Amino acid sequence: MTEDAAPPVLEAEPAQAAALFGDRIDLARSFTASLAEHGETLGLIGPRELPQLWTRHILNSALVAPLLRGRVGDVGSGAGLPGLVLAIARPDVELTLIEPMERRTDWLQSEVDRIGLTNVRVLRARAEDVPGSGELLPLDQVTARAVSALRSLIPLTAPLARSGGELLLLKGARADDEIAAAAKVIRKHRLQSVEVLELGAEHGLEVTRVVRALVDP
Ligand SMILES: C[S@@+](CC[C@H](N)C(=O)[O-])C[C@H]1O[C@@H](n2cnc3c(N)ncnc32)[C@H](O)[C@@H]1O
């Protein structure tokens, strides 16, 4: 950026936000404002994300909310995407945010406390170190966004889901290629009905691709 370039400005709230969050919109606004204020300093988002914070990050995450049920784990939550956004949108669902970096779990916990969410637990751990027995597992669904390519993401997420549970993995335009490259781990983890859902067009938003798979049904 040159010295006299204008600093990036937070994107205005799109009209779709109120429809996607319903009566939880004030909480979504509060989280988005806080992420815009602190995200760059805390190394959670880059400054260039501000002009697309709502559409590319908050709404992209919120589109998954209608697919949720039961106990959900979000692997690699980072700034809270999609896990914390989903917890805001779906207070009836129990979310566990699984994130190894202390700076990020501190942020997540502080936002959970500040917003007053009671359906979220923040777990500082790598997904592969989450104990197989205990009150957390098994989960009904596991989400992840921007953590790694499918072929390394499936071994991190599938073991956390119960038999018959689901993976909901947010992916970019090359989701189909990632599925093809992950054929071996898909077989190894006995995933079924692997498909790419395209969400967002019905709301006039950029398409969000979600790889959905059934775990060992
Ligand atoms: C690029 S960030 C994406 C964060 C967020 N999901 C998003 O969409 O903005 C990847 C996150 O995954 C976390 N991560 C990396 N390896 C992990 C693992 N094995 N288990 C759980 N989280 C992991 C990192 O600490 C980081 O916060």
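## Ala146 and its backbone angle

Ala146 lies in the loop between β4 and α6, the helix that covers residues 150-157. Please keep in mind as you look around that this is a predicted model.

What is unusual about the phi of Ala146? The angle is positive, at about 60 degrees, although Ala146 is not a glycine. Is this residue buried or exposed? Ala146 has 12 other C-beta atoms within 10 Å, and a residue with 12 or fewer is called exposed, so Ala146 is exposed.

## Ser193, in a strand

Ser193 also calls for a look at its backbone: its phi is positive, at about 50 degrees, and this residue is not a glycine either. You will find Ser193 in strand β6, which is made up of residues 191-199.

Ser193 counts as exposed because it has 9 C-beta neighbours inside 10 Å, and the cut-off for that label is 12 or fewer.

## Two cis peptide bonds before proline

Now to the prolines. The bond that joins Leu81 to Pro82 is a cis peptide bond, and its omega is near 0 degrees. Pro82 sits in the loop that links β1 (71-75) with α4 (83-89).

Where is Pro138? Look in the loop between β3, residues 120-123, and β4, residues 139-145. The peptide bond from Leu137 to Pro138 is cis, with an omega near -5 degrees.

Definitions and conventions
Residues are numbered from 1 along each chain as its sequence is written. This is a predicted model: local features need pLDDT of at least 70, side-chain atom pairs count only at pLDDT 80 or more; totals for chains, interfaces and linings use all residues. Helices (H or I, at least four residues) and strands (E, at least two) are DSSP runs, numbered from the N terminus. A residue is buried if 20 or more other C-beta atoms lie within 10 Å of its own, exposed if 12 or fewer, and partly exposed in between; C-beta atoms are placed from the backbone.
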